[in-house]
Amino acid sequence: METAPKPGRDVPPKKDRLQAKKKPRRYWEEETTLTAAGASPGPPGSKKRNRELRPERPKNANITKKSRISRKPHLPKKPRERRNLEPQRSVSGAQDPFPGPAPVPVEVARKFRRIDKSKKLPHSKSKTRSRLEVAEAEEEEISIKAARSELLLAEEPGFLEGENGEDTAQIRQADIVEAVDIASAAKHFDLNLRQFGPYRLNYSPTGRHLAFGGRRGHVATLDWVTKRLMCEINVMEAVRDIRFLHSEALLAVAQNRWLHIYDNQGIELHCIRRCDRVTRLEFLPFHFLLATASETGFLTYLDVSVGKIVAALNARAGRLDVMTKNPYNAVIHLGHSNGTVSLWSPAMKEPLAKILCHRGGVRAVAIDSTGTYMATSGLDHQLKIFDLRGTFQPLSARTLPQGAGHLAFSQRGLLAAGMGDVVNIWAGQGKASPPSLEQPYLTHRLSGHVHGLHFCPFEDVLGVGHNGGITSMLVPGAAEPNFDGLESNPYRSQKQRQEWEVKALLEKVPAELICLDPRALAEVDVISLEQEKKERIERLGYDPEAKAPFQPKPKQKGRSSTASLVKRKRKVMDEEHRDKVRQSLEQQPQKQEKKAKPLRARPSALDRFVR
Amino acid sequence: MNVVRAAESLLALSQQEELEDLSKDDPLSPSEDEGDIDGERKHQKLLEAISSLDGKNRRKLAERSEASLKVSEFNVTSEGSGEKLVLSDLLGPVKTSSLAAVKKQLNRVKSKKTVELPLNKEEVERIHREVAFNKTSQALSKWDPIVLKNRQAEQLVFPLKKEQSVFAPIEHVLSGWKARTPLEQEVFNLLHKNKQPVTDPLLTPVEKASLKAMSLEDAKMRRAELQRARALQSYYEARARREKKIKSKKYHKVLKKGKARKALKEFEKLRKVNPTAALEELEKIEKARMMERMSLKHQNSGKWAKSKAIMAKYDLEARQAMQEQLARNKELTQKLQAASDSEEEEEGVEEEGELVPDAVNEIQMDANGPNPWMLRNHSRGTKEIKVQDPEQLPEPVAHEASENEEEERPGAEEEILLNEFEERRSLRKKSGLNQDAELVSRQEPKDSSSQEVLSELRALSQKLNKESQQSGKQNVSSMRTVLAVQREEPTEAEEEPLLLQRPERAHTMEELEELGKEGCFQNKEVPRPVGEGQQSERNPDNQPGAPKEKKRKEQMIDLQNLLTTKSPSVKSLAVPMTVEELEDEEERDQKRMIKEAFAGDDVIRDFLKEKREAVEASKPKDVDLTLPGWGEWGGMGLKPSAKKRRRFLIKTPEGLPRKDKNLPNVIINEKRNVHAAAHQVRVLPYPFTHHRQFERTIQTPIGSTWNTQRAFQKLTMPKVVTKPGHIIKPIKAEDVGYRSSSRSDLSVVQRNPKQLSIRHKKHLKKNSVD
């Protein structure tokens with residue numbers, strides 16, 4: 001929350017001010033001296049030179065016309081080059097001191113690049129090349145546009161910072177509450193609900209609503225910002241887990257026997273008997289899938305938009321009670337008692353991958369919002385962070401005095417772990433870095449044992465469900481400060497929510513598209529491409545795309561004898577063969593080098609006696 | 001039936017015979033004709049020869065009209081010689097000059113060539129075609145760039161011909177425009193009257209003049225002045241409003257008295273300096289007196305007076321008040337005494353105005369003091385200021401006080417009263433802040449009344465201090481609990497430094513010291529050795545954990561490594577209640593215990609086994625085509641020989657290496673997701689020859705989720721746009737900037753080149769026929 005004020009970028013240098021004193025210059029006057037031009041931030045160097053060389057013109061209305069004409073031949077050029085043009089003149093004679101579009105920082109634009117130009121493409125025809133060029137130009141332009149719009153993300157994230165070596169973990173909630181403004185201080189609260197046992201809790205996708213369910217059947221939802229209670233019921237049955245569906249209007253509750261769905265007034269809408277003895281719930285918002293893990297060892301996907309069960313997968317690993325979703329690719333991660341974490345998609349009957357994480361059983365799994373890191377804690381009291389980008393290797397690990405029973409990642413990559421009645425939070429360097437497990441960022445002791453952890457989206461708040469009720473902790477720097485008003489708007493009205501719902505349903509992603517690497521969907525299915533090609537060849541009896549064999553042209557004056565025709569054919573064939581051999585020879589030394597390396601450099605004469 | 005048939009066949013035969021007769025006749029007839037013609041010719045010749053025997057016609061016969069090929073014995077012919085007779089040969093021997101003209105004419109005729117024989121039809125047509133093709137292809141080739149451009153265009157908007165938007169400067173547009181409606185005319189009139197530019201939207205003459213007149217510096221200064229004036233005005237206004245709200249009667253009375261007195265004094269002064277002005281003033285006063293006499297305001301006739309009159313019998317004060325009112329009436333109705341109120345007020349405001357900015361500044365200064373953000377950095381400086389005793393006044397305050405004393409005049413009591421009010425007000429304002437010791441001290445030396453105020457303030461601050469102390473105690477107690485959690489035996493001595501290191505806490509402590517009991521704590525700058533010690537303990541433990549060990553080739557060892565990564569120490573964590581902190585030995589014990597606990601289920605071995613199975617399952621199977629007993633002995637218990645098996649085993653080519661080949665702790669499923677593959681592209685579109693080329697063009701997402709609005713619109717732009725209600729005409733040369741061609745059929749040609757050839761041919765044919 002505290003952010004160090006950045007030095008203003010556009011504070012004019014003193015030199016400039018001095019110059020202004022010497023000879024006052026209006027903004028509409030032309031810059032005559034080079035130094036003045038140098039002092040002003042903005043246009044690149046080449047432009048400066050242009051201006052210097054250009055003789056001064058009298059200010060007339062004609063100039064506007066002139067400039068228009070002179071601009072005409074430049075029109076087809078790229079927008080970047082246009083920036084170097086002379087500044088436009090408006091009717092009033094005022095001159096834009098920073099003509100053209102503002103320069104875009106390269107690093108920001110690189111963030112939005114999608115095409116990896118370093119990868120070489122096979123040689124392409126001119127027609128293809130022009131298409132590729134168009135695509136590349138388009139991509140660049142779009143990335144620049146996106147980089148420009150970064151400016152609109154006004155809020156900056158920040159962390160609690162200890163002063164010269166002060167440990168932030170020793171700062172208590174009370175201190176934070178004391179220091180922050182009233183509105184933020186109101187976000188720290190405790191709900192004392194000792195009667196209905198340990199609580200599980202869940203925030204709605206917009207971060208505005210909170211649902212919690214106690215072991216002894218107490219279910220309630222509230223607008224936690226205004227503390228307005230929406231509904232409160234007792235389901236008279238053990239509540240294992242609770243989760244909001246796509247909006248705050250629907251609520252899934254995993255009860256002792258079956259899965260129930262309630263609306264925001266506490267009215268039971270559905271009882272889904274095919275999902276029985278559910279222990280954990282996860283909702284995939286873009287696919288409208290509710291994933292349930294049950295005691296019977298089944299992972300069931302329920303499409304909540306049509307009410308059908310998409311897939312029921314048998315994990316074959318006993319009771320399932322550790323589950324989390326990967327927000328990047330919507331893959332479900334299950335933790336098992338044999339120390340493995342398995343990755344599931346509704347399209348496959350077997351797990352997409354299995355990772356051996358712990359010696360003992362896995363107690364908790366959490367995945368960060370970018371889908372890059374997975375944190376696991378096991379019965380061996382270890383807390384590990386895995387890299388999910390293809391390698392699935394542990395990046396860091398540490399032993400905790402009492403293993404973490406619950407884990408949660410915040411939007412900006414803070415990791416919270418609930419160990420007994422203590423919550424520890426670790427922070428990394430930034431959004432794209434894993435949390436460093438050496439020192440906790442914050443710690444907090446609760447009145448009961450932790451039973452559920454969830455970071456509130458778009459608010460620096462961690463909700464903790466425990467034996468004694470619910471605690472809402474302030475965790476500075478936890479949440480993404482900028483929300484997308486079209487995607488998840490915490491301040492949306494009912495009408496907006498309804499409209500968003502329609503849009504989201506229209507954009508629903510089919511369940512079978514869930515796979516480990518979602519980018520692979522944008523690739524050509526090479527196997528079926530080859531297959532189809534083969535079938536076509538079979539059907540036609542020849543390869544239509546094959547290069548036609550060389551056919552010598554008939555020549556006149558008796559040179560087109562059969563013998564000479566054969567000779568010419570032979571020549572071309574030999575040439576092609578030679579090319580092939582040359583290529584293979586070029587590749588061979590590389591292979592040989594590879595092979596030669598592991599061998600010893602110098603075989604000794606005594607090697608023959610080695611047995 | 002037969003009879004009929006026979007008759008028919010006969011008929012047919014007869015007909016055939018007739019036809020044959022005809023055909024026989026035909027070839028005969030021409031020969032007959034020829035014979036006839038020959039005969040006639042001979043006959044004619046004979047007749048001629050006979051007639052030429054006559055004497056008269058002899059010469060005539062010798063004349064020859066044309067060259068004939070026939071040789072006759074009677075006259076000269078060139079027939080059979082094979083030589084052509086040329087005119088020049090005939091004229092050669094002629095020497096007479098009379099024939100010279102003829103000769104010339106002949107020469108002229110000779111120079112003219114004869115018309116060649118026309119080519120045959122096919123040749124003519126071919127040539128025509130060729131020429132036509134060349135011409136049309138040349139005419140069409142100039143459209144090539146346009147066609148190419150249109151093909152590559154991102155978007156085509158039909159109709160292609162656009163209304164050329166005229167780039168006219170706004171001045172030109174405006175000059176052509178005239179005010180027509182009465183409203184417009186009125187507006188123009190107004191503009192003209194105020195010398196606003198009508199046609200030329202440049203600056204007005206006034207603006208231009210001002211621009212010329214004022215430099216940037218001046219403008220800045222003037223702006224600053226204006227700002228200052230505005231600020232001052234707002235201060236005055238605020239002050240006036242504040243004073244207006246004061247409800248104290250005493251204050252108002254005193255104020256009024258003071259004003260009256262001052263007005264009188266000024267009047268006296270004015271009389272001395274400027275008698276005429278004084279006279280005018282006097283007249284004013286007189287007028288006020290008249291008004292007072294006319295009104296019943298102070299004559300005990302109002303509501304208040306009546307109510308007082310009832311009470312007057314018993315209440316001395318009421319009586320006094322009534323008396324006062326009457327006295328006032330008398331005073332006002334006395335000649336040459338009172339002055340007009342309005343002037344006084346103005347003067348009063350002016351007089352008091354000088355104080356305002358100072359007070360405002362002071363408030364700002366004070367506001368700087370308690371700001372927790374600023375205080376952190378300058379805590380030393382502020383502390384020093386605060387340490388000063390209230391008796392020792394800061395320089396500027398003393399100065400102000402002296403000023404105040406200067407201002408004191410005969411009516412000092414009033415002034416004091418006024419001051420007192422001001423103080424009270426300011427106190428009320430600042431009582432929320434606990435930093436106004438300075439302010440209090442400033443007022444201290446004035447007099448006894450302000451002393452009272454000071455005592456009040458003291459009481460207030462005392463109260464505040466108590467509160468803060470209590471809160472501090474609370475904090476301390478809560479801190480204690482935390483420390484109890486973090487350490488086994490927290491001591492009282494350790495507490496204080498820890499408290500001090502927190503910014504907020506330090507601040508409150510300082511306050512406590514300064515305002516309340518001074519000298520209670522003296523150990524502010526005590527470093528916190530314990531905390532640092534903790535850190536130093538922590539750090540070495542962290543170092544070995546940080547560098548990660550590299551993977552090795554051996555799977556088994558590697559896996560062991562993976563699962564037993566070295567971990568940083570636990571000490572920095574807050575330990576849960578139930579678990580006591582572990583010493584190193586205890587930790588080792590615990591590890592052993594864990595190992596024992598998981599000894600039964602060897603997780604790693606199970607996993608490796610599972611992985612091996614998965615790898616085996618995913619490997620492509622070899623095809624064994626051996627037939628037992630084929631080519632050798634067969635029977636029970638006999639196996640085909642190894643050589644044979646090797647020969648008939650078809651090895652499947654090894655596929656790509658598994659993705660988890662080098663990842664010992666991972667099993668990645670290699671099976672293809674058929675459902676997802678159904679959504680993938682499986683046909684390469686036209687210009688692409690390799691799938692990677694095509695993949696590159698579909699790499700960028702086009703949805704609005706991933707793009708800005710503009711980019712999204714650009715990406716989803718339709719390729720062809722037609723304006724509704726517009727006729728889309730074929731492209732013309734003028735549309736694309738060519739001059740209109742002479743050929744009228746060019747546009748047609750451009751549209752359907754296939755039809756062209758046929759039409760053209762017809763056209764040519766027609767020509768050739770003509």
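Guide: Two strands pair if DSSP finds at least two bridges between them. Strands are DSSP runs of E, at least two residues long, numbered from the N terminus. This is a predicted model, in which local features need pLDDT of at least 70 and side-chain atom pairs count only at pLDDT 80 or more. Side-chain values use heavy atoms, leaving out hydrogens and water.

Visitor: What makes strand 14 of chain A a partner of strand 15 of chain A?

Guide: The pair has 4 bridges and runs antiparallel. The rule asks for at least two, so the two strands pair. One bridge links A:V322 to A:G335.

Visitor: Why do strand 14 of chain A and strand 4 of chain B stand at the edges of the sheet?

Guide: The order is 14(A)-15(A)-16(A)-17(A)-4(B) in an open sheet of 5 strands. Each of those two has a single partner strand, so one side of each lacks a neighbour in the sheet.

Visitor: Why is the pair of A:Y203 and A:W224 called edge-to-face?

Guide: Phe, Tyr and Trp rings (for Trp, the six-membered ring) pair if their centres lie within 6.5 Å; planes under 30 degrees apart count as stacked, over 60 as edge-to-face, the rest as tilted. Here the centres are 5.9 Å apart and the planes 70° apart. Both values meet the rule, so the label holds.

Visitor: How do you know that A:Y203 is buried?

Guide: Buried means under 20% relative accessible area, exposed over 50%, partly exposed in between (1.4 Å probe, protein chains only). A:Y203 has 3%, so A:Y203 is buried. A:W224, at 0%, is buried too.

How values were computed
Residues are numbered from 1 along each chain as its sequence is written. Chains are lettered from A and ligands numbered from 1 in the order in which they are written.
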